[in-house]
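Student: Could you take me through one part of this model with some care, beginning with a single helix and what encloses it, and then moving on to a sheet and the helices that pack against it?

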Amino acid sequence: MNREPVRHIGPEELAEQGRFAALVQAHHSRPRSYHIVTYGCQMNAHDSETLAGTLSGMGIANAPRREEADLVLFNTCCIRDNAERKALGNITWLKEIKKKRPHMLIGVCGCMMQQRGMAETVLKQYPFVDIAFGTGSLYRLPEYLYLAVEEKRRVIDVSREESTIAEGLPVLRESPFKAYINIMFGCNNYCAYCIVPYVRGRERSRRADDILREAEALVADGVQEITLLGQNVNSYGNDTGEIPFAQLLRRLEATGIPRLRFMTSHPKDLSNELIEEYARNRALAPHLHLPVQSGSDNILAAMNRRYDVRTYLDRVDRLRAARPDIGLTTDLIVAFPGETEEDFQQSMALVERVRYDSAFTFIYSARTGTKAAGLPGQVAPDVASERIERLIAVQEGITREVLHSLRGQRMGILVEGASARRQSQMTGKCGRNISVNFTGGHEGLVGRIVPVHITGAGSNTLRGEYIKEEETT
Ligand code: SF4
């Protein structure tokens, strides 16, 4: 495991980046527009908001289409070999556009660049890429642009600096009323199938006061929902010894944020304090994404998940006792090496027992560089496909039943806009993170949490009617 000390990026370094930003801004051949292509999880989506904030602060405007932008940044993901191939294919596609627009700058960043050897690969095999850097060097984008624009240099930063925390970077949010806050970075868990600990470094938590300041600013800006992000938020604070995650949630509630979510949550680190917090914290949305991955103890052990089915179910039961309206969602991997039909049946039984609102289901695919990639007992593709179809069918049936059981309830909906399918209806998300399309609303409700009476359910959305007379959060 990488044990380099956490490095907080100081004000001098940020000021230096500010000077690079000013130099780029004053340059006659600076990029006038940017386009960011984002792959992967919410953490990457939030990193892209930070990249966008940095670029717009330099007077560079967003271009809706990548082929028209002067600067295209690919913020990559490497969680699956497929994701990597897709990103590399899209980067190569842009090579042809660049032939016609030679001033175009192409940058690659994100998790893919943190992998050993990847920077060298880009250097040799993708000569049209001008800038490449990893997740820990995001704050240095102005400097990279300066070197590319002023010195006409290719900037391939292979330093693999990953144990950094940079505070106060500008963020251009996708939504005016929803926001992400990174509370920690990295992961110490080394699940056998996962590349994240190798590319995002070891766990490092931000200081609680920095997080609270950011949350307070968001609340003052009218944000209604904050999602806290980290690869394993339940172990927030373990590295700093400051405050544990449940206490952080309590302090965030005091900011007045109407709705608080978080992800991702490792079942082994789900503490009693956090379960109790669900019972008392009014800001905490009644939803938890709790990835189980398998319903078989043998497979969980092979995955190095460090909990068993009994422990998982016990935590589920206690969560539901603390917060009866909580909706649970999960991730499940089918056909992990060595998975027998019996193991798979145990996953099916667990899904039936927990009755998730929904589940992300994946067929295991070997990720180069992980422990599981070398495990014996790879499951044949046809068996894997047949298993995942059975699992999806069962979960779809449960989702339908859960959604139908919510009819008649009154829910607070954070309104996002007009429904894409029926413009006369509005759409938004309830606390359980389920989409709700409702009648009786109007554009003036966008960005507000309003009461809706749930009248019906589809296969994965709810229907409802706006309750005009008693608006509430
Ligand atoms: S907890 Fe496991 S699956 Fe999640 S990021 Fe860490 S190693 Fe990957």
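Tutor: In this predicted model, the buried residues of α5 are L141, P142, E143, Y144, L145, Y146, L147, A148 and V149. That is nine of the nine residues of the helix, which spans residues 141–149, so α5 is largely enclosed by the rest of the structure. Both helices and strands contribute to this covering, which includes α1 (11–26) and α2 (42–57) together with β4 (71–76), β5 (105–110), β6 (131–132) and β7 (155–156).

Of these elements, α2 leads on to the sheet, which should be described before its packing. Three strands make up an open sheet, ordered β9-β12-β13, and their pairing is parallel. Because β9 (178–182) and β13 (259–263) stand at the edges and each has a single partner strand, one side of each is left without a neighbour in the sheet. From one strand to the next, the twist averages 25°. Strand β12, residues 225–229, runs parallel to β13 and is joined to it by five bridges; within this pairing, T227 has R261 of β13 as its bridge partner.

Two helices can now be placed against these strands. Helix α2, which also helps to cover the buried residues of α5, packs on the sheet and touches β9, β12 and β13, with its direction making about 100° with that of β9. Helix α7, residues 208–220, likewise packs on the sheet, where it touches β9 and β12, and its direction makes about 170° with that of β9.

Terms used:
Residues numbered from 1 in each chain as written. Predicted model: local features only at pLDDT ≥ 70, side-chain atom pairs only at ≥ 80, totals over all residues. Heavy atoms only, no water. Buried < 20%, exposed > 50% of the residue type's maximum accessible area, 1.4 Å probe, protein only. Helix = DSSP H or I, 4+ residues; strand = E, 2+ residues; numbered from the N terminus. Contact = heavy atoms within 4.5 Å. Pairing = 2+ DSSP bridges. Axes fitted to C-alpha atoms, helices over the stretch in contact; angles between N-to-C directions.
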